[in-house]
Amino acid sequence: MSAAAPEPKANMGQPVPRYDAREKVTGVARYASDQQVSQPAFAFLVTSAIARGDITSIDERGAREVPGVLDIFTHRNTDDLTQTKYGQQGGGASTSIQGLGPEIRHDGQIVAMVVADTFENAREAAYRLKIGYSEATPSASFESAGTEMKDANGIMSVATQAKEWLSTGDVEDALSKAAVTVDAEYSTPTQHHNPIELFTTTCSWQGDKLTIYEPSQFVFGLKNAVAERIDVAPDNIHVVSPYVGGAFGSKAQMTPRTGLVAYAARKVGRPVKLVATRDQGYTISTYRAETRHHVRLGSDRDGRLVAYSHEGFEITSRPDSYSVKGTEETAHLYSFGAVATKVNVVHADRNTPGFMRSPPVVPYVYALESALDELAVKLRMDPVELRRKNDGMKDSFGKEWSSRSLMTCYDQAAEAFGWSKRNPEPGSMRDGEWLVGWGCATAVYPTHNAASAARVSLRSTGEALVQIAVHDIGTGAYTVIGQLVASELGVPVEKVRVELGDTLLPAGPVAGGSVTTAAAGSAVLKACAQIRTRLIGGASSGDGAPLAGVPDGQIRLREGRAVAQDGRSEELAKLFERLGQNQIEEYAEFVPAGASSNAMERLYQGKPTFVGGSNGEKLMYSLGAEFVEVRVNQRTREVRCPRAIGAFAAGRILNTRTTHSQLMGGMIWGIASALHEKTELDEKRARYVNDNIAEYLIPVNADIRDIDIILVPEIDNEVNPVGVKGLGELANVGTAAAVANAVYHATGIRIRDLPVRIEALL
Ligand code: MOS
């Protein structure tokens with residue numbers, strides 16, 4: 001495996017090591033539950049033992065006998081909590097199932113919280129709490145009777161506005177006339193986030209002011225959502241979240257625990273600390289719901305597509321219509337000819353699903369890229385050539401791409417992989433007792449942008465400080481934001497301090513939709529430009545100024561100096577001294593084109609506005625091509641993935657190290673999605689049964705061998721002022737299809753239901 005940071009090519013920045021690396025590996029970084037508060041009490045959650053029904057009795061006697069118990073919160077004494085609006089209704093809550101009962105909507109719903117002087121006492125009391133239920137038969141999944149299916153047209157999908165179904169031309173007619181067709185059904189399983197940092201919340205009141213320590217992808221969202229829940233003014237709430245130990249979407253919205261801990265801390269008059277257990281995390285937060293797909297493709301004899309029909313089905317909870325609606329992205333991916341799309345949500349007795357890395361594209365691109373491979377087989381055409389045939393700068397709706405380097409990615413990855421040596425015949429490539437299969441698929445993710453503010457200051461010493469309430473969820477945000485400031489102000493990157501993840505800072509958008517670098521970066525550029533204007537204005541005027549009279553446009557900030565084109569310069573320290581200042585500070589607000597004029601005001605209220613992807617005048621997406629080799633053992637049928645190569649184009653790359661790490665991590669997740677991950681459901685009880693990292697399968701080091709990442713240079717000045725496309729959610733898309741396609745090539749067995757398991761290959 002090549003773990004080294006790639007050498008920067010055109011339009012790529014230096015592989016600066018992570019800003020927060022030392023803090024993290026030495027344990028200096030304080031995660032939410034590490035924060036010291038005085039005299040904390042400890043909370044332990046009690047979650048529902050049934051998936052549907054009502055609480056009929058609560059016996060607290062045994063629990064109250066445990067020493068140190070301070071209070072027990074149930075539906076009986078928390079009915080003055082206000083319902084926070086659910087995400088799709090424009091609110092900040094991850095679910096509308098927020099109450100502790102008496103109605104039970106899903107297994108593992110929070111029904112009580114015990115607060116005690118120690119964690120152990122709280123846990124002991126929680127175990128002794130006796131809750132009686134009247135139980136109704138739950139409906140857990142697509143298989144169950146009693147679920148309710150609804151057309152998801154018109155409901156809001158992930159990070160976009162509600163849209164009508166995308167369709168163009170007459171798909172049925174085109175399919176009936178097509179020379180070659182594919183008609184197939186695919187499915188993807190439930191997945192859970194399992195961030196290493198558990199779902200924790202610590203709340204501390206000082207009078208009527210509340211401080212919340214919680215790992216969050218959106219502190220302004222959390223602040224406003226909790227304010228609504230406990231009925232206090234948002235500005236009395238301070239959310240602190242400088243480090244997040246994994247999130248993937250699970251920490252983007254307020255989950256029900258936070259308001260409860262804030263409420264409890266106010267009642268018991270002490271700070272309260274909650275660390276939910278791993279298994280509780282499966283039901284008190286969100287997850288990626290299982291999906292089904294009916295895909296039909298039609299093409300002419302030469303492989304030119306004439307029709308694409310895609311109907312999706314997604315599981316959701318009873319009250320909420322969460323839906324990822326990935327057809328809104330896939331419908332633009334190729335020149336399809338006629339297109340018809342539709343998505344249905346199926347309401348079951350489950351907790352509400354939510355954002356999970358690349359929500360819309362992961363399941364829908366798996367289905368489409370598998371169907372394309374099936375079509376290539378029918379056409380006896382190379383799958384790369386099939387994609388080339390249907391590649392174009394315009395989609396079937398006549399919309400143009402701002403930039404599209406898909407085939408460059410395919411060509412570079414194919415070359416590095418040795419694809420030309422592939423014998424297309426299934427089962428034809430062998431190595432001893434191993435059947436060898438090679439497969440490929442497209443990775444794609446919409447390039448979003450959002451409003452963001454930023455504050456930047458530059459001192460006479462050349463030290464700079466940048467502050468924005470965005471988040472580094474392991475992505476490298478600290479590092480690339482620091483790099484941007486350094487290059488814009490002409491100071492060394494080591495001299496830039498970066499402060500993120502705190503509601504006392506200027507607001508930034510949710511660390512979701514791979515938007516952080518675009519949004520925060522654009523605000524940083526603006527603030528730095530304001531600083532430059534002031535400094536350069538000072539450099540070119542005033543008595544004794546070495547650059548007096550030089551037009552401002554000919555002065556740059558470089559290596560701690562103001563430098564004129566002719567080489568004359570003035571040291572920053574001298575310049576500041578002449579200006580009679582120690583530092584210059586600038587606050588800037590960036591609102592992207594296409595966002596509403598009140599986008600900044602809304603952001604401070606916890607409501608980010610997303611633009612981009614397929615929503616604007618042009619199609620804006622990052623793209624990639626992924627190739628994998630699988631080996632299927634002839635006798636045991638075990639599947640191994642010895643090598644994978646991905647080539648990706650995502651506009652300007654600010655840091656090849658953090659980018660490489662994001663893309664490599666994405667492909668590892670993609671392999672996990674293909675071969676390992678699935679939350680198993682007990683249909684009868686509507687309960688997740690492998691709710692721990694021992695039984696929820698993810699790859700270990702031995703499962704992951706060579707992963708090579710190729711960064712394809714791309715310039716796109718239309719996407720945003722920084723020129724970056726999002727890439728955090730790019731590389732895990734398409735991998736599962738590439739693996740399944742490779743398994744077909746190795747065995748001749750087409751896997752349409754993920755994950756690929758031995759039993760399907762026997
Ligand atoms: Mo990501 S699922 O957009 O947090």
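This briefing covers domains, salt bridges, a surface patch and one buried loop residue. The model is predicted. The domain assignment gives domain 1 (1–30 + 399–447 + 613–762) and domain 2 (450–608). The structure holds 41 salt bridges, yet zero are found across the interface of these two domains.

**Domain interface**

- The centres of domain 1 and domain 2, taken over C-alpha atoms, are 34 Å apart.
- Domain 1 puts 21 residues into the contact, and domain 2 puts in 22 residues.
- About 1,600 Å² is buried between domain 1 and domain 2. Carbon and sulfur atoms give 59% of that area.
- Tyr19, Leu654 and Val722 supply 34% of the area that domain 1 buries against domain 2. No other three residues supply more.

**Salt bridges**

- Arg61 pairs with Asp59 through their side chains, at 2.9 Å from N to O. Arg61 counts as exposed because its relative accessibility is 62%. Asp59 has a relative accessible area of 24%, so Asp59 is partly exposed.
- Glu103 bridges to Arg105, with the closest N and O atoms 3.7 Å apart. Glu103 is partly exposed at 44% relative accessibility. Arg105 is partly exposed too, with a relative accessible area of 24%.
- Glu124 forms a salt bridge with Arg128, and their closest N and O atoms are 2.9 Å apart. Both residues sit in helix α3 (residues 119–128). They are four residues apart there, so about one helical turn separates them. Glu124 is partly exposed at 33% relative accessibility. Arg128 is partly exposed, with a relative accessible area of 38%.
- Asp373, Glu374, Arg750 and Arg752 are joined into one network by salt bridges that share partners.

**Nonpolar surface patch**

- Ile196, Ile693 and Ile698 form a nonpolar patch on the surface. Together they have about 280 Å² of accessible area.
- Ile693 lies in the loop between β31 (687–688) and β32 (706–711). Its relative accessibility is 33%, so Ile693 counts as partly exposed.

**A buried loop residue**

- Gln253 is placed in the loop between β12 (237–240) and α6 (256–268).
- Gln253 counts as buried because its relative accessibility is 18%, and the cut-off for buried is under 20%.
- Leaving aside residues up to four places away in sequence, Gln253 touches Gly87, Gly92, Ala93, Ser94 and Phe355.

Terms used. Residues numbered from 1 in each chain as written. Predicted model: local features only at pLDDT ≥ 70, side-chain atom pairs only at ≥ 80, totals over all residues. Heavy atoms only, no water. Helix = DSSP H or I, 4+ residues; strand = E, 2+ residues; numbered from the N terminus. Buried < 20%, exposed > 50% of the residue type's maximum accessible area, 1.4 Å probe, protein only. Contact = heavy atoms within 4.5 Å. Patch = residues over 30% accessible without salt bridge, like charges linked within 9 Å, V, L, I, M, F, W, Y side chains within 5 Å. Areas by Shrake-Rupley, 256 points an atom, 1.4 Å probe, with all protein chains shown as cover. Salt bridge = Lys/Arg side-chain N within 4 Å of Asp/Glu carboxyl O. Domains from an automatic or database assignment. Buried area = accessible area lost by both parts, 1.4 Å probe.
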